[in-house]
Amino acid sequence: MDENLMMIWQKCLQFMRDNLNAAEDNSDLKKLEKSFDLLFDKVQPISLVENNLTLMVPSDFYKEYIEDNYLSLLSAALKKNIGKGVKLWYSVMENKPAGLERPVTMNIKGKSVPTPKVQETMPQGFSANIVNPFVVPGIRKVNIDSNLKSDFSFDNYVEGESNKFAATVARSIAKRPGATAFNPLFLYGGYGVGKTHLGQAVGLEVKNQFPDKVVLYLSSEKFIQQFISAAKAHKQTEFANFYQMVDVLIIDDIQFLSGKSATQDSFFHIFDHLHQNGKQIILTSDKAPADILDIQDRIVSRFKWGLSAEIKSPDISTRKQIIIDKLSRDGIVLPDDMLDFLAAEAKTNVRELIGIINSVIAYSTIYKQDLSLTLLKDTINKIASNQKKVINIPYIQEVVCDYFGIKKEQLLSKTRKREIALPRQLAMYFSKELTNATFTKIGEEMGGKDHSTVMYACDTIKDVSKIDKEVKKYVKELGERIKQ
């Protein structure tokens, strides 16, 4: 046998073995590798003439199994080690007649070896700017839209006591993505405090400093949708391969993986691959890692491998600086009394603050009025009037589901798992505390539960919150959100 051909074939096998799909755990991966080795141990290359590669296989079964299960991977290996346009032939061994030392063979042409190319139809849930996301690693870098907003840069990020530590770490990561001890970077805090801005700022800076790196930002909901689409199309391998190509992965609201075990399994293997290969992972959440319910312990432990940084609501001086920064970009300057008033009004988060500023500017432009303290107060009063929510049972259910990262169907279900039962009891408790609904009415709204179940839930929350710090915190934070 040609030694050069054998060397090429060994490189192809190694490439294929390295890119086998990650299994559920290491034992399954070993089984997959063992199955691969048993199959290809009986496959031998016998000639390579003018890009026609002939493989000897023991039977038709081997040929069909390779073409049904390994053709794409084999194609990638051949393209990498031989070049484009390789045609595949099989020399199938037939029954050896008595007296013959060598087996009788029959040459059969294989299916045309596919060459990775741009897909005409994008997989559901992927950006149209992603060029062939379902490709085998090692062929080429993918060209994707990073989904980053230019406004979310470090230059536009206002630092204060509430976010200084997180911002300092983020800047450090942007200089050496994947090469610091802060991997993953887990940013957590309430809504609208700047977690998304800071995560995207890292991505923008990495793209600026390292143009060849693949950076991708997306929400966990988008990640889940993509995984479901891939699973329905039986393309989980391709899904994982795409994400394993990313150099900096930024996922927003990771708490929404709660309760989604299949997606968690896929995320776990993607996380491990990226981390082991020195790729940077940035995650945001409204809760600290330990407070996310119904998520695998092995994933929570990985959240803690790097650094968890809390971003709190900005203090009044930071809010004031945010206002100045935002208005200066629009060419607007406000006197101190108006700045102080605006900063004092938006106490909870940056998003609310920006919304007020935009509304005031729009009102001033449309009605051709000069900005004044009176106009600010009138506009904010109108915003408050329009946004005032009626506290009812559906609204309480919505807030509770959002807080715990669960679906309403789960909340109303009959499951007794603690990660669902506790939010359900809290929803019942607040429904009784903050509405005029009867126990019977609350039970009906909570999936047809008996009034005695609601009574028990309310008493349980009252009693347990006195002795359990975690439940006490839930009652406090949920109460504030519902009343906000």
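These are my notebook entries on strands, a buried lysine and several salt bridges in a predicted model.

**Entry 1, strand β7.** I began with strand β7, residues 248-252, and found it mostly covered, since 5 of its 5 residues are buried. I then looked at which way the side chains go: Val248, Ile250 and Asp252 point one way from the strand, Leu249 and Ile251 point the other way, and both sets are buried.

**Entry 2, the neighbours of β7.** I looked up strand β6, residues 215-219, and saw that 5 bridges join it to β7, with the two running parallel. Following individual partners, I noted that Leu216 is bridged to Leu249 of β7, and that Leu218 has Ile251 of β7 as its bridge partner. Strand β6 is itself mostly covered, with 4 of its 5 residues buried. I also checked Val214, which sits in the loop between α6 and β6, and this residue counts as buried because its relative accessible area is 6%, under the 20% cut-off. The C-alpha atoms of Val214 and Gly203 are 9.5 Å apart, while the two residues are separated by 11 residues along the chain.

Strand β8, residues 280-285, also pairs with β7, in the parallel sense and over 4 bridges, and here Val248 has Gln280 of β8 as its bridge partner. Between these two strands the chain passes through helix α9, residues 261-276, and I recorded this β-α-β crossover as right-handed.

**Entry 3, Lys195.** I turned next to the positions that UniProt, in an unreviewed entry, lists under "binding site", namely Gly192, Gly194, Lys195 and Thr196. Gly192 lies in the loop between β5 (185-188) and α6, and I count Gly192 as buried because its relative accessible area is 6%. Lys195 belongs to helix α6, residues 195-209, and with 8% relative accessibility Lys195 is buried as well.

Which side chain of opposite charge is nearest to Lys195? I found Asp253, at 5.4 Å, and Lys195 has no salt bridge although it is buried; the distance to Asp253 is beyond the 4 Å allowed for a salt bridge. Leaving out residues up to four places away in sequence, I listed the contacts of Lys195 as Leu187, Tyr188, Gly189, Gly190, Thr284, Ser285, Asp286 and Ile311.

**Entry 4, salt bridges.** I searched the whole structure and found 11 salt bridges, and I wrote down three pairs in detail. Asp286, which is among the residues that Lys195 touches, forms a salt bridge with Lys287, with the closest N and O atoms 3.3 Å apart. Asp286 is buried, at a relative accessible area of 10%, and Lys287 is buried too, at 7%.

The pair of Lys473 and Asp291 has its closest N and O atoms 2.9 Å apart. This salt bridge links distant parts of the chain, as Lys473 lies in helix α20 (residues 469-483) and Asp291 in the loop between β8 and α10 (297-303), 182 residues apart. I noted Lys473 as partly exposed, with a relative accessible area of 29%, and Asp291 as partly exposed at 21%.

In the pair of Lys320 and Asp340, the closest N and O atoms are 3.0 Å apart. Lys320 is in helix α11 (residues 316-329) and Asp340 in helix α12 (residues 336-345), so this salt bridge ties together parts 20 residues apart in sequence. I recorded Lys320 as partly exposed at 24% relative accessibility, and Asp340 as partly exposed at 38%.

Conventions: Residues numbered from 1 in each chain as written. Predicted model: local features only at pLDDT ≥ 70, side-chain atom pairs only at ≥ 80, totals over all residues. Heavy atoms only, no water. Buried < 20%, exposed > 50% of the residue type's maximum accessible area, 1.4 Å probe, protein only. Pairing = 2+ DSSP bridges. Right-handed = clockwise from strand over helix to strand, strands pointing away. Lys, Arg positive; Asp, Glu negative; His and termini not counted. Contact = heavy atoms within 4.5 Å. UniProt positions renumbered as here; feature names shortened; annotations may be inferred.
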